[in-house]
Amino acid sequence: MNQISVLVVEDNEDINRILKRFLEQAGYQVKSAFSGTEAQLLFSMEHFHLIILDLMLPGLSGEEIIQEIRKKSQTPIIVISAKSSLEDKVNVLKIGADDYITKPFEREEVLVRIEALLRRCHVNNMEASENNEISFKNLLLKVASREVFVKENSITLTAYEFDILYLLLQHPDRVFTKDQLYQEIWKTGYYGEDNTINVHISNIRKKIKDYDEEAYIKTVWGIGFKMDAN
């Protein structure tokens, strides 16, 4: 675990120090940034496996950082913010964050969320065969490289978006409830809003629709989601 590097972006020195301390105690390598501009500079100079990000920052805001990072990288991003409204959470997930924790936070919850997200991002890569691909209609998913193409156009998915799509593609005839998706994707359980799954599914649909008007993910009302074979 000591090879996993985390960038903590938090302008409050006390909170930044607390996060850095318990992450290092858990075995992570941690760099701290105290503004959006400093975070952007560090990200351009070094490789990080995960970013923990506040939203209300001097310089660039957290939302702006997410948008800039998503233009060139799928590095997992966990937002930790005092903004607690559902609208704030949905907006941040829509623009590319992978998870959202509301302040004040518990040490154990932060560590569990990090472990679950890193497991989804990295373990699958190590176990996947380089030639393992799944095709569905005009969509091609490459497991090892975690790439998705629609009509030969690359689309950029967050870590959780990729894992949800991959799970649905592995079982195209099966309907997954939200509870089942939480269990399969987050593994250790999920503490967020129930709307999170809807946001991720909506994002996947929009990104596919940029290149193909055909439906790919079907909502089975009152139950859950499945691939749309029609």
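Trainee: Which order do the strands of the open sheet with antiparallel pairing have?
Mentor: Happy to start there, and keep in mind that this is a predicted model. Four strands make up this open sheet, and their pairing is antiparallel. At its edges are strand 6 (133–136) and strand 9 (153–155), each pairing on one side only. The order is 6-7-8-9.

Trainee: Which residue is the bridge partner of Leu140 in strand 8?
Mentor: Look at strand 7 (residues 139–142) and strand 8 (residues 147–150), which pair in the antiparallel sense over four bridges. In strand 8, the partner of Leu140 is Phe149.

Trainee: What angle does helix 6 make with strand 7?
Mentor: Helix 6 covers residues 159–170 and packs on this sheet. Strand 6, strand 7 and strand 8 are the strands touched by helix 6. Its direction relative to that of strand 7 is about 110°.

Trainee: Why is one side of strand 2 and of strand 5 left without a neighbour in the sheet?
Mentor: Nice one; here we turn to the open sheet of five strands with parallel pairing, in the order 2-1-3-4-5. Strand 2 (29–33) and strand 5 (99–102) stand at the edges of that sheet, so one side of each lacks a neighbour because each has a single partner strand.

Trainee: Which residue in strand 5 stands opposite Ser81?
Mentor: Strand 4 (residues 77–81) pairs with strand 5 in the parallel sense, over four bridges. Across from Ser81, in strand 5, stands Thr102.

Trainee: Which helix lies across strand 4 and strand 5?
Mentor: The helix in question runs at about 150° to strand 5. Spanning residues 86–95, it is helix 4.

How values were computed:
Residues are numbered from 1 along each chain as its sequence is written. This is a predicted model: local features need pLDDT of at least 70, side-chain atom pairs count only at pLDDT 80 or more; totals for chains, interfaces and linings use all residues. Side-chain values use heavy atoms; hydrogens and water are left out. Two strands pair if DSSP finds at least two bridges between them. Helices (H or I, at least four residues) and strands (E, at least two) are DSSP runs, numbered from the N terminus. Contact means heavy atoms within 4.5 Å. Axes are lines fitted to C-alpha atoms, for helices over the stretch in contact, and angles run from 0 to 180 degrees between N-to-C directions.
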